[in-house]
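Thanks for coming. Please have the sequence and the model open while I talk.

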Amino acid sequence: MWTAVFGLAFLHFLLHLGLGLDDVAPDLLTAALLLAVREVATGTAAGIGFVFGLLLDAFSFRAFGANTVAMTLLGAAGARTRDWFMGTSVLFMTAYFFLGKWVKDLLHWVAVGEGVREPFVRSIMIDSSLDAVYAAAVGVIVVAIMGAKSESLR
């Protein structure tokens, strides 16, 4: 599981920064956080979210700190609500990743402030919903691959 988390984090920065596919690439860092928080305590989950958010904010010039706040809160909330998303069924995991990405974007939108943020309907209702579908698809694929690997090891 930790290999997948660190692999997704590495791929996120490779795609977004290394290859410059910013809006085309999925948010793999949020998917990595959502995978990690299923396995750790609330404080550790918030700490992982803090580190991931700080890494994102290192490349943010207009709203420094907004990603850190959003990812920290998402990490803590994800750890606290993991019992709602028990098992690895496709339906539950899709909802988990979709809601996680959408909530992260909503928290980021709130934390950014009025001077920088885009209109709510366009940013959250349209763009974030589409991004959440993308992140959910990637998250479900990663969970399926992890499940297949764990089955083959038995």
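I will go through helix 2, then the nonpolar core, then the pocket, and a few single residues along the way. One caution before that: this is a predicted model.

Let me start with helix 2, which runs over 28-36. How many of the residues of helix 2 are buried? The count is 9 of its 9 residues, so the helix is mostly covered, given that buried means under 20% relative accessible area. In order, they are Leu28, Leu29, Thr30, Ala31, Ala32, Leu33, Leu34, Leu35 and Ala36.

At the N-terminal end of helix 2 there is a cap. Aspartate 27 provides it, with a side-chain oxygen 3.4 Å from the backbone nitrogen of leucine 29.

A second side chain comes to this region from helix 1, where histidine 12 sits. The side chain of histidine 12 reaches the backbone nitrogen of leucine 28 at 3.3 Å. Is histidine 12 buried or exposed? Its relative accessibility is 4%, so histidine 12 counts as buried. Setting aside neighbours within four places in sequence, histidine 12 contacts Pro26, Asp27, Leu28, Leu29 and Leu56. That list includes the capping residue, Asp27.

Now look at alanine 36, also in helix 2. Alanine 36 has a relative accessible area of 0% and is therefore buried. With neighbours within four places in sequence left out, its contacts are Met1, Trp2, Val5 and Ile48. For a sense of distance, take alanine 132: it is 96 residues from alanine 36 in sequence, and the two C-alpha atoms are 18 Å apart in space.

Next, the core. The largest nonpolar core has 32 residues. Inside this core, the residues with the most contacts are Leu8, Leu29, Leu33, Leu35, Phe52 and Phe97. Which elements give two or more residues to this core? They are helix 1, helix 2, helix 3 (42-57), helix 4 (66-80), helix 5 and helix 6. Helix 2 gives the most, with 8 residues.

Phenylalanine 97 is worth selecting on your screen. Leaving out neighbours within four places in sequence, phenylalanine 97 is in contact with Ala31, Leu34, Leu35, Ala135, Ala136, Gly139, Val140 and Val143. Three of the names to find there are Ala31, Leu34 and Leu35, which are among the buried residues of helix 2.

On to the pocket. The largest pocket has a volume of about 1,200 Å³, and 32 residues line it. Which of them lie nearest its centre? Those are Asp22, Asp23, Asn67, Lys104 and His108. By type, the lining has 13 nonpolar, 7 polar and 12 charged residues. Helix 1 (2-18), helix 5 (90-112) and helix 6 (120-153) each supply at least two residues of the lining. Helix 6 gives the most, with 7 residues.

Two more residues, one from helix 5 and one from helix 6. Aspartate 105 is in helix 5. A charged residue need not be exposed, and aspartate 105 counts as buried because its relative accessibility is 13%. Beyond residues up to four places away in sequence, aspartate 105 touches Ile124, Ser128 and Asp131.

Alanine 144 is in helix 6. With 48% relative accessibility, alanine 144 counts as partly exposed. Alanine 144 lies 138 residues from phenylalanine 6 in sequence, and their C-alpha atoms are 17 Å apart.

That is the end of the tour.

Note on methods. Residues numbered from 1 in each chain as written. Predicted model: local features only at pLDDT ≥ 70, side-chain atom pairs only at ≥ 80, totals over all residues. Heavy atoms only, no water. 1 Å grid on protein atoms, 1.4 Å probe; cavity = no way out; pocket = protein on both sides within 12 Å on 5 of 7 lines; lining within 4 Å. Points joined across faces, edges and corners; volume = space filled by probe spheres on them. Helix = DSSP H or I, 4+ residues; strand = E, 2+ residues; numbered from the N terminus. Core = buried A, V, L, I, M, F, W, Y, C linked by side-chain atoms within 4.5 Å. Buried < 20%, exposed > 50% of the residue type's maximum accessible area, 1.4 Å probe, protein only. Contact = heavy atoms within 4.5 Å. Polar contact = N/O pair within 3.5 Å; in protein donor to acceptor, adjacent residues only side chain to side chain.
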